[in-house]
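Here is a short briefing on one protein chain. Keep the sequence and the 3D view open while you read.

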Amino acid sequence: MACAAAAAQIRTRSGLDLSKARVRAGFARGHLLDIVVYVPGGKGSADETEQAEELVRLLVGEESFERWVGSVSGIPSARGGPLTVINSNAQERAALPIQTLFDTVHAAIAGLKLGLSPLAPSVRTDSDAWIAFELDPEPAPDFAAQGDLVLCSTRLPELKKSFLRGEPFFSGRFLNSGALFAYLKFEFSGPNPQAWLAERARLEEAAVRAVEPEQAVLVGLGLGIRYGYLDFAVSDPDCVSERLLPALRAANITPRSWFLFCDSELEREFIAVHPNASAPLLAGVVQGDSSAGRTNVVE
């Protein structure tokens, strides 16, 4: 939305005039943008931050906001006037007019993408480029996403940390190829951790042999209280149903196994490895909700 129209909408709804606000944006963890809106004459109220967030959403667009914006803060600023305000805050002095936000955000995204790999050669070939994480999950009857993870190793640590922290996730923030990050989740059948490791190794071998690197690349492994995990960067979605799932069934994967997606906008989607398998527990979904999840490959 054009800045004048967006500011007018905010003013009509809340009485807050943000047409002369200033803004700065910068990348934080997980390649997410943190945006600060300096509110002229502001009081630092929660409502000002709420209206600043809505203004940012209107200006950058819903899709960019959900995929790229991590946080929006509304910070009080001296009200502009005919006299120059002496301000010792260097960050505020470097802020730009709110009218520049759209161009600023999309220039920042374009700059980040220049530094992203389409699918880094090290992800494919460097066996030493693995980072391990240990976690301490709370016991529960069942776990959504990778909520029971105890130990994992990954070739893409910044991506993995962003996913595990529950931040808004978009695959395009980490690779420049259009690949989709997804993971295999399977319930262990063995009686102890040693058997679980052997089971995961067997499925890992079957999965890697089933697909070509141009279709999908294994980028992470995980061991949980109840489930095992294989993380993939998927470039060809068709390879999941055509090659990967048949290979996993042939390797005797357990009935409760699914292919799920890291992206926030796909967190309610899943592909059951076995036809007619029960649905997994999904984040933010009440069990028994028949509308949660579909069994089609997301294109």
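What share of the 299 residues in the protein chain is buried? Buried residues come to 46%. The model is predicted. Its secondary structure consists of 9 helices and 11 strands.

**Whole chain**

- The exposed area of the protein chain is about 14,900 Å². Carbon and sulfur atoms supply 53% of that area.
- Take the contacts in the chain with a separation of 6 or more. Of these, 66% are between residues 24 or more positions apart.

**The seven-stranded sheet**

- An open sheet is built from 7 strands, and its pairing is antiparallel. The order is E5-E6-E8-E9-E7-E10-E11.
- E5 and strand E11 (270-272) stand at the edges. Each has a single partner strand, so one side of each lacks a neighbour in the sheet.
- On average, neighbouring strands of this sheet are turned by 20° against each other, direction ignored.
- Strand E8 (residues 216-224) pairs with E6 over 5 bridges, in the antiparallel sense. Leu151 has Leu223 in E8 as its bridge partner.
- Helix H8 (residues 193-210) lies across strand E7 (180-187), E8 and strand E9 (227-234). H8 runs at about 170° to E8.

**Asp142 and Lys161**

- Asp142 sits in the loop between strand E5 (131-134) and strand E6 (149-154).
- Asp142 has a relative accessible area of 15%. The cut-off for buried is under 20%, so Asp142 counts as buried.
- The side chain of Asp142 makes a polar contact of 2.6 Å with the side chain of Tyr227.
- Lys161 belongs to helix H7 (residues 157-164). Its relative accessibility is 33%, so Lys161 is classed as partly exposed.
- Lys161 and Phe133 are 28 residues apart in sequence. Their C-alpha atoms are 9.0 Å apart in space.

**Helix H2**

- Does the span of helix H2 (residues 46-60) agree or disagree with 1.5 Å a residue? The 15 residues should span 21 Å, and the end C-alpha atoms are 21 Å apart, so the span agrees.
- Buried residues in H2 include Glu48, Gln51, Ala52, Glu54 and Leu55. Val56, Arg57, Leu58, Leu59 and Val60 are also buried in H2.
- An α-helix has 3.6 residues a turn, so residues three or four places apart point the same way.
- Which elements cover the buried residues of H2? The cover includes helix H1 (3-14), helix H3 (62-68) and helix H5 (101-114). It also includes strand E2 (33-40) and strand E3 (69-77).

**Positive phi angles**

- Gly61 comes just after H2 and takes a positive phi of about 95°.
- His31 is a residue other than glycine, yet its phi is positive, near 55°. His31 lies in the loop between strand E1 (22-27) and E2.
- Asn252 is not a glycine either, and has a positive phi of about 65°. Its place is the loop between helix H9 (238-250) and strand E10 (257-261).
- Is Asn252 buried or exposed? Its relative accessibility is 61%, so Asn252 counts as exposed.

Methods
Residues are numbered from 1 along each chain as its sequence is written. This is a predicted model: local features need pLDDT of at least 70, side-chain atom pairs count only at pLDDT 80 or more; totals for chains, interfaces and linings use all residues. Side-chain values use heavy atoms; hydrogens and water are left out. Helices (H or I, at least four residues) and strands (E, at least two) are DSSP runs, numbered from the N terminus. Buried means under 20% relative accessible area, exposed over 50%, partly exposed in between (1.4 Å probe, protein chains only). A polar contact is a pair of N or O atoms within 3.5 Å; within protein, one must be able to donate a hydrogen and the other to accept it, and residues adjacent in sequence count only if both atoms are side-chain atoms. Two strands pair if DSSP finds at least two bridges between them. Axes are lines fitted to C-alpha atoms, for helices over the stretch in contact, and angles run from 0 to 180 degrees between N-to-C directions. Contact means heavy atoms within 4.5 Å. Accessible areas come from the Shrake-Rupley method with a 1.4 Å probe; for residues, only the protein chains shown count as cover. The expected span of a helix is 1.5 Å times one less than its number of residues.
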